[in-house]
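Student: I am new to this structure and would like to take a close look at a single part of it. Could you walk me through one loop residue and the places its side chain reaches, and then through what lies around it?

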Amino acid sequence: MPPFLSTFTLITEIFVTIAVLYIFYRSYKYGKFPTKLAFATLAYEVLFNISYMVYSSMVRETHEVTRTFTWKTGVAIFHGVLSLVMFVSLVVFMILAYRAYRTNKNYFYEHKTLSLVFLFFWSVAILSGAMLYFSEYFIP
């Protein structure tokens, strides 16, 4: 049975992803940046998901019996690094977008390619996290 905190984090990360997609879409399509939602999403990421990742890595380290490298270890490393990079990227995107929209510039429209690249890698981070979760708790 997976730990409650892991399951809760997986479910809420889906909602965070929906929020991120909505922020990008609404800002791009209508030229209006949902400031409160953007910063609430960032706050949630900092308070819960980043702290969960730190906690999870410390718990794994103390409970690890063997030091063999498996594909799960590789996915965990990949997911952890990519998630951290994507979090920092999200913070940068939200700050730059907020500043641009305050001056009536459509940041995501002006940076379409960069926005799509970000959303692609954000999706990869989310999917790798889900894959790690299911492989850890449901696949022997």
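Tutor: The side chain of N106 reaches the backbone nitrogen of Y109 at 3.1 Å, and a polar atom of that N106 side chain also lies 3.0 Å from the backbone oxygen of Y28. This is a predicted model, and in it N106 sits in the loop between helix 3 and helix 4. N106 counts as buried because its relative accessibility is 18%, under the 20% limit for that term. Leaving aside neighbours within four places in sequence, N106 is in contact with S27, Y28, G31 and Y101. Of these, G31 comes just after helix 1 and takes a positive phi of about 70 degrees, while S27 is one of the buried residues of helix 1.

Helix 1 itself has 27 residues and spans 38 Å from its first C-alpha to its last, close to the 39 Å expected at 1.5 Å a residue. Its buried residues also include V20, I23 and F24, and two of these, V20 and F24, are among the residues that touch the most other members of the largest nonpolar core, which has 22 residues. The elements that give two or more residues to this core include helix 1, helix 3 and helix 4, and helix 3 gives the most, with 8 residues. Not counting residues up to four places away in sequence, F24 touches F93, M94, F108, S115, F118 and L119, and among these M94, F108 and F118 are again core residues that touch the most other members.

Technical notes
Residues numbered from 1 in each chain as written. Predicted model: local features only at pLDDT ≥ 70, side-chain atom pairs only at ≥ 80, totals over all residues. Heavy atoms only, no water. Core = buried A, V, L, I, M, F, W, Y, C linked by side-chain atoms within 4.5 Å. Buried < 20%, exposed > 50% of the residue type's maximum accessible area, 1.4 Å probe, protein only. Helix = DSSP H or I, 4+ residues; strand = E, 2+ residues; numbered from the N terminus. Contact = heavy atoms within 4.5 Å. Expected span 1.5 Å × (residues − 1). Polar contact = N/O pair within 3.5 Å; in protein donor to acceptor, adjacent residues only side chain to side chain.
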